[in-house]
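Here are some notes to read alongside the model, written as numbered points. Please keep the structure open while you go through them.

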Amino acid sequence: MNTTLKQISHWQVVAASVCGTSHIRNKQLCQDAHHWQLLPGNVLLTAAADGAGSASQGKVGAMVAVEKAIETLAIKEITRDSLADDAIVRSLLNEALLAAKKAVEDAARAGSKQPQDLATTLIIMVATPDMVAVVQIGDGLAVAKDRMGNLMALTRPDHGEYINETNFLTSPHALDTAQIRLWRENIVNIGVLTDGLQMLALNMLVGEPHKPFFFPLFDFVENAEDQTTAKEQLVRFLGSERITQRTDDDLTLILAGLRSAQ
């Protein structure tokens with residue numbers, strides 16, 4: 001049965017980054033960015049980033065980071081077989097992280113800026129129906145659900161030394177703060193989000209993802225018939241009163257689910 005599932009299922013992805021109400025009021029750009037790519041063999045790459053509000057070019061940093069992270073992984077010959085090796089998985093994630101950090105630093109130099117002017121968080125995920133792996137610097141959250149219905153927080157928001165602070169990709173000791181997690185199960189859903197949603201999506205007291213938040217969204221992505229329409233619906237959801245009453249920050253949400261071929 002496991003083999004059949006792998007052969008007839010494929011990842012379906014819906015993702016969006018929207019401007020928070022506080023940034024809209026202040027006529028600021030959305031500082032969040034995301035990027036994803038589906039490779040042959042049902043290997044899904046995703047990345048999400050949140051440019052620091054205090055950084056003058058935080059939006060640029062976020063965009064450069066996610067694009068370089070996915071580009072770095074996409075040119076590798078990643079297969080389901082190669083991902084069976086834990087050391088290879090960790091090496092791939094670290095390489096993508098380092099490439100993203102260098103790309104942001106190069107962009108800062110090209111614009112006659114300091115790296116901290118492009119400060120951003122970064123979450124990079126690789127997922128197949130057999131496993132999911134993620135590396136994260138800063139706040140935000142990555143989750144996965146297995147076929148038994150277990151929902152796992154793969155990472156935790158990193159608030160740095162103080163609750164209102166976090167670590168950024170451009171920080172001097174950024175790589176020392178990176179969280180890395182590998183989970184080998186029959187994965188059927190993944191979710192990645194930036195910190196604007198983490199108070200809704202995570203029970204902060206116990207560090208567990210909130211099933212009433214994720215499960216309807218996972219059903220939504222699995223049943224979506226048209227990706228363009230689904231993205232529009234996700235954008236409306238992120239801008240709805242239900243969400244904006246509880247957060248005024250920029251929001252990024254990447255959702256993916258295995259869908260059986262018709």
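1. In these notes, contact means that heavy atoms lie within 4.5 Å. The model is a predicted one, and the points below should be read with that in mind.

2. Asp 32 is a good place to begin, and this residue belongs to strand S2, which covers residues 32-39. Leaving out residues up to four places away in sequence, Asp 32 touches Ser 17, Ala 49, Asp 50, Lys 59, Ala 62, Thr 194, Asp 250, Leu 251 and Thr 252.

3. What is the nearest side chain of opposite charge to Asp 32? It is that of Lys 59, 7.6 Å away, and Asp 32, although buried, has no salt bridge. The side chain of Asp 32 does, however, make a polar contact of 2.7 Å with the side chain of Thr 194, and another polar contact, of 3.1 Å, with the side chain of Thr 252.

4. Strand S1, residues 9-18, is mostly covered, with eight of its ten residues buried. S1 runs antiparallel to strand S12 (residues 251-260), and ten bridges join the two; Gln 12, for instance, has Gly 257 in S12 as its bridge partner.

5. The largest nonpolar core contains 33 residues, and Leu 73, Leu 83, Leu 122, Ile 124 and Leu 169 have the most contacts inside it. Several elements each supply at least two residues of this core, including S2, helix H3 (58-74) and strand S4 (122-128), while H4 gives the most, with eight residues. Beyond its neighbours within four places in sequence, Leu 73 is in contact with Leu 39, Leu 45, Ile 78, Leu 92, Ala 96, Ile 124 and Val 126.

6. Apart from that core lies another, of 26 residues, among them Leu 197, Phe 213, Phe 214 and Leu 253.

How values were computed: Residues are numbered from 1 along each chain as its sequence is written. This is a predicted model: local features need pLDDT of at least 70, side-chain atom pairs count only at pLDDT 80 or more; totals for chains, interfaces and linings use all residues. Side-chain values use heavy atoms; hydrogens and water are left out. Buried means under 20% relative accessible area, exposed over 50%, partly exposed in between (1.4 Å probe, protein chains only). Helices (H or I, at least four residues) and strands (E, at least two) are DSSP runs, numbered from the N terminus. Two strands pair if DSSP finds at least two bridges between them. Lys and Arg count as positive and Asp and Glu as negative; His and the chain ends are not counted. A salt bridge is a side-chain nitrogen of Lys or Arg within 4 Å of a carboxyl oxygen of Asp or Glu. A polar contact is a pair of N or O atoms within 3.5 Å; within protein, one must be able to donate a hydrogen and the other to accept it, and residues adjacent in sequence count only if both atoms are side-chain atoms. A nonpolar core is a set of buried Ala, Val, Leu, Ile, Met, Phe, Trp, Tyr and Cys residues joined through side-chain atoms within 4.5 Å.
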